[in-house]
Amino acid sequence: MKNLKKKQSILILGASSFLAKPLIISLDNLKKYKILCQSRGDLRNSKFFDNENIDLINNDYSISNFEEDIFHDCIYIVNFINSYSIDRDKINKIRKYIKNIISISKANLIHISTASVYGNCKDLLITESSPCLPKNNYQLVKYNEEVYL
């Protein structure tokens with residue numbers, strides 16, 4: 001008998017980013033998860049996302065009652081969003097959006113950051129205990145996201 005259980009899904013925020021695409025390809029090759037892709041840009045015209053295992057989420061980081069169902073089986077939210085290029089109101093909206101999805105699905109958040117949060121760290125090997133010394137706005141924004149999470 002065919003297994004009628006719905007596939008678990010993984011939501012990729014910032015899906016058009018350079019780092020997100022290899023992850024999407026790898027997840028698609030597994031054929032184990034439904035891949036939910038969202039980006040600030042419109043992904044519908046990209047052949048890359050033209051795949052039956054990929055659903056495009058085209059909302060403005062808000063969830064309507066109609067959309068809640070698509071997040072119920074979400075087990076991970078992978079955040080590739082480059083918050084450096086977004087204004088504070090939009091960042092707060094995205095944070096609320098992520099919290100809402102987690103409350104609907106109990107998904108785990110995987111936040112993709114950058115080693116630049118360590119700034120000019122003097123350690124030869126950067127570890128979790130290395131001091132964060134951001135020196136410019138980009139590094140500071142990334143650092144603040146880490147502190148928030």
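Student: In this predicted model, how far does α3 reach from its first C-alpha to its last?

Tutor: The helix α3 has 18 residues. At 1.5 Å a residue, a reach of 26 Å is expected. The value computed from the first C-alpha of α3 to the last is close to that expectation, at 26 Å.

Student: Which side-chain oxygen lies at the start of α3, and within what distance of the backbone nitrogen of Asp89?

Tutor: The backbone nitrogen of Asp89 is approached at the start of α3 by a side-chain oxygen. That oxygen belongs to Asp87 and reaches to within 3.1 Å.

Student: Which residue follows α3, and what is its phi?

Tutor: The residue that follows α3 is Lys106. The phi of Lys106 is positive, near 65 degrees.

Student: Why do the buried residues Gln139, Lys142 and Glu145 lie on the same side of α4?

Tutor: An α-helix has 3.6 residues a turn, so residues three or four places apart point the same way. In α4, Gln139, Lys142 and Glu145 are buried, each under 20% relative accessible area. They lie on the same side of α4 because they cover an arc of only 125 degrees around the axis.

Student: Which residues are exposed on the other side of α4?

Tutor: Exposed here requires over 50% relative accessible area. On the other side of α4, the exposed residues are Asn137 and Val147.

Student: What covers the buried residues of α4?

Tutor: The cover over the buried residues of α3 includes α4, among other elements. For the buried residues of α4, the cover includes β5 (108-111) and α3 (88-105).

Methods: Residues numbered from 1 in each chain as written. Predicted model: local features only at pLDDT ≥ 70, side-chain atom pairs only at ≥ 80, totals over all residues. Heavy atoms only, no water. Buried < 20%, exposed > 50% of the residue type's maximum accessible area, 1.4 Å probe, protein only. Helix = DSSP H or I, 4+ residues; strand = E, 2+ residues; numbered from the N terminus. Arc of directions from axis to C-beta. Contact = heavy atoms within 4.5 Å. Expected span 1.5 Å × (residues − 1). Polar contact = N/O pair within 3.5 Å; in protein donor to acceptor, adjacent residues only side chain to side chain.
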